[in-house]
Structures are given as C-alpha cells and as structure tokens.
Amino acid sequence: MAIDEAKLNAFMGGFVGDLGAVMHAATIVLGDKLGLYKALAAGPARVEDLARRTETDPRYLREWLCAQAASGYVEYDAASETFSLGEEQAFALAVEGGPAFIPGAFQIAMATFKAIPKMTQAFRTGLGLGWHEHDAALFHGTERFFRPSYAANLVSSWIPALEGIEARLEAGASVADVGCGHGASTILLAQAYPASTFVGFDYHEPSIAYAREAAKKAGVGGRVAFEVASAKGYPGHDYDLVAMFDCLHDMGDPVGAAAHVRGSLKTDGAWMIVEPYAGDRLEDNLNPIGRIYYSASTLICTPASRSQEVGLCLGAQAGESRLRKVVSDGGFARFRRAAETPFNLVFEARP
C-alpha cells in the first residue's frame, strides 16, 4: 500500500475527534438524566458542592465533569477548582424545549447503538426493523430533539409560509397531524390556534398514549384528540390542513399515504410536509448535516420503511425531486417548497 503520511495523519485526526464524540455522547445522556446540566446552570460549583446539590457520588461526578470540560461542554476554572456552564452551553444543555436544546439528539444516538444486533441481521436478510421495535429512548429522544425546532419555526414561519392557512387556523380549522409521535407538533399548533381543532394519528400505540397525557398537561386536551391509525388508514374527511413532520420518508408506501391525504382534504385544503434538509444528489449531501441524516437513515428510517408494505425506502435524504414525485403520484396537482431551515425542508401540496 502506498500510504500518504499526511493524508493518514489527517484521517486519524478526524478519527480521534469522532471517537471522542461517540464516547462523550453517553455522558451527555447520563448528565441529562441526572439533572447535572440543569443544576450546573444555577451557578459555578466545586465538585463536592455540585454532588450535594444533585445527590450524586462526588468521585463519579468529578470524572463526568472532567469529560465535559475536555469536550467543551463545561467550563473549568483551575484557580478556584470550579466548574460552570457558559450562557450558550446552558441554553443548549439545560433549557428543556428551547430552540437549541440538544440532549434529545444523543438519546436517539444511544437508541441506534442498541439496534445494532437487530440491524446486523437486517443487513444480511434485507428485512426491515419497525419503529416500534426500537428502544424507547428513540421515541423520547426524537420528541425532545425535534420539538425545539418546531417550537422555534412552526408557528412563526412555517404556517405563515402556507397560502391562506394561517388565517383559516385563526378563524377555526380542522387539522390532522399524521405520524404525530408524542404529539409535540400537534400540541404546539393547538396552543397557537385555540379556535381550531386537531387530531394526531400514529400507528405506535405507546406514543399515542404519551401524546394524550402531554395534551392534558399542556391544557389543550379538549381541542386535541390522539388516535392510533396508519398514514393510509386514518379516519376523517374535509380537513383544512394535514401535516406530516419528519415522517413521510419513514413510510413503506408514501405514495399510498399521499393518495389518502388527498382524499381526506377539503378541495381547497393543504398538505404541509416537513422533511429533513437534503439536496437531490448524493454529492449535495456530503456535509455534516447529511452525515447525521444518512447515519440515522441507515439505522432508523430505511429499515422502518422496509418493514412495511411496498418498502419504498425514500430515506432521510430523499431530496425535493423524489418527494415531488411521491406527492404527484399520490394525485396532487401542486407542490412547492414553502420554507426551509438548516435541518428541514417545508413543502406545501395542494389537490
């Protein structure tokens, strides 16, 4: 082998960074579960003080804090031997539901590691792995990771980007949120538009049970219903708006789902499709965002689709052109990109 030493060193440098990130991920999940970030956000602390505050063992806590400091997730002042969170670190690690809250993403990562034995077999057989077959950390992590983005963008920019939909929601509209998971998107919409009624559908019964409780806690239970139903079989007609958040690409038969959406809408209704940000070509997605989504798609999205009928396997980096074809094949006449963020594309489809 003709090894270029400079290229090898550069690759190994990247490997060190990657391995550190992978090892660090578990410590983030642990710190989140123990409330360590939230406790540290209250102010700088020595190890013993933080241990008392969080009722944790000081020796374990010291090692955890050292790992956080080495990763840049916690600040360390050698003179006072205190650890602290900067404003930005606290905002991302301790403000639950804030627009930059990140611990949920690492719950998703932990769930993918737990799926490796099942995915090893799936790679060999070509069989799928359903959403419901994953560790529960995936369901909770997905809601906690995506909810901040929805909270930051859904009402402020995505809904206004749809033609005439904001006014209808304010006046009183009927909305279906398909593939709603834990119901974060449904509840956010219900809180913003009290004159409208909402129903969330998902095939995963434990997620629907969680969503019902979340709606009660949010005080919108009277205007929000959650039902177990598939994207091709959910009930109801004459919806003003049907929404799908980061789930169309997971479906085995997205064309069949599109056709069902079309049949459930009013003639002047709209379908809002929120999907992971992606270009149409592989080379467009060879970047840090694409890296995250392709990895998640390998272990979550593609096997989820493969586990269902048809198994089209769009993947989390489907891109606008493939999504347009799915929507048009489902019977929609109009399709356009309405909005975007670094992580999401938002499309509007009309019958």
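**Helix H13 and its packing**

I began with helix H13 in this predicted model, and I noted that its buried residues pack against helix H6 (103–114), helix H7 (116–125), helix H8 (136–158) and strand E7 (265–276). The buried residues themselves are Gly290, Tyr293, Ser297, Ile300, Cys301, Pro303, Ala304 and Ser305. H13 runs over residues 288–306, 19 residues in total, and its first and last C-alpha atoms are 26 Å apart, close to the 27 Å expected at 1.5 Å a residue. I then looked for a bend and found one of about 60 degrees at Ser297, and Ser297 is also listed among the buried residues of H13.

I followed one of the packing partners, helix H7, and picked Ala122, which lies in that helix. Ala122 counts as buried because its relative accessibility is 9%. I also took the C-alpha separation of Ala122 and Ser207, which is 24 Å for two residues 85 apart along the chain.

**Ala349 in strand E9**

Ala349 sits in strand E9 (residues 344–350), and its relative accessibility of 0% means that it counts as buried. Leaving aside residues up to four places away in sequence, I found Ala349 in contact with Gly269, Ala270, Trp271, Val327, Phe332, Arg334 and Phe335. From Ala349 to Phe106 the C-alpha distance is 33 Å, with their positions 243 residues apart in sequence.

**Positive phi values**

Most residues other than glycine have a negative phi, so I looked up two that do not follow this. Asp238 has a phi near 60 degrees and is placed in the loop between strand E5 (224–228) and strand E6 (239–245). Asp246 has a positive phi of about 50 degrees and belongs to the loop between E6 and helix H12 (254–264). Which of these is buried and which is partly exposed? Asp238 counts as partly exposed because its relative accessibility is 48%, whereas Asp246, with a relative accessible area of 9%, is buried.

**Salt bridges**

I counted 27 salt bridges in the structure and examined several of them in turn. Arg46 pairs with Glu81, and their closest N and O atoms are 3.4 Å apart. This pair links distant parts of the chain, since Arg46 is in the loop between helix H2 (36–40) and helix H3 (47–54), and Glu81 is in the loop between strand E1 (75–77) and strand E2 (82–84), 35 residues apart. Arg46 is partly exposed at 35% relative accessibility, and Glu81 is partly exposed at 42%.

Arg62 forms a salt bridge with Glu48, with 3.5 Å between the closest N and O atoms. Here the link runs from helix H4 (residues 58–71), which holds Arg62, to helix H3, which holds Glu48, the two being 14 residues apart. I have Arg62 as partly exposed at 36% and Glu48 as partly exposed at 34%.

Also in helix H4, Glu63 and Arg59 are four residues apart, about one turn of the helix, and their side chains meet in a salt bridge of 2.7 Å, N to O. Glu63 is partly exposed, with a relative accessible area of 47%. I closed the topic with a network in which salt bridges that share partners join Asp32, Lys38, Glu96, Glu143, Arg144 and Arg147.

**A nonpolar patch**

Last, I looked at the surface and found a nonpolar patch of about 1,000 Å², made by Met1, Ile3, Leu8, Phe11, Met12, Phe15, Val16, Leu19 and Met23. I checked Phe11, which is in helix H1 (residues 5–34) and counts as exposed because its relative accessibility is 61%, over the 50% cut-off.

Technical notes. Residues numbered from 1 in each chain as written. Predicted model: local features only at pLDDT ≥ 70, side-chain atom pairs only at ≥ 80, totals over all residues. Heavy atoms only, no water. Patch = residues over 30% accessible without salt bridge, like charges linked within 9 Å, V, L, I, M, F, W, Y side chains within 5 Å. Areas by Shrake-Rupley, 256 points an atom, 1.4 Å probe, with all protein chains shown as cover. Salt bridge = Lys/Arg side-chain N within 4 Å of Asp/Glu carboxyl O. Buried < 20%, exposed > 50% of the residue type's maximum accessible area, 1.4 Å probe, protein only. Expected span 1.5 Å × (residues − 1). Bend = angle between axes of the 7 residues up to and from the residue. Contact = heavy atoms within 4.5 Å.
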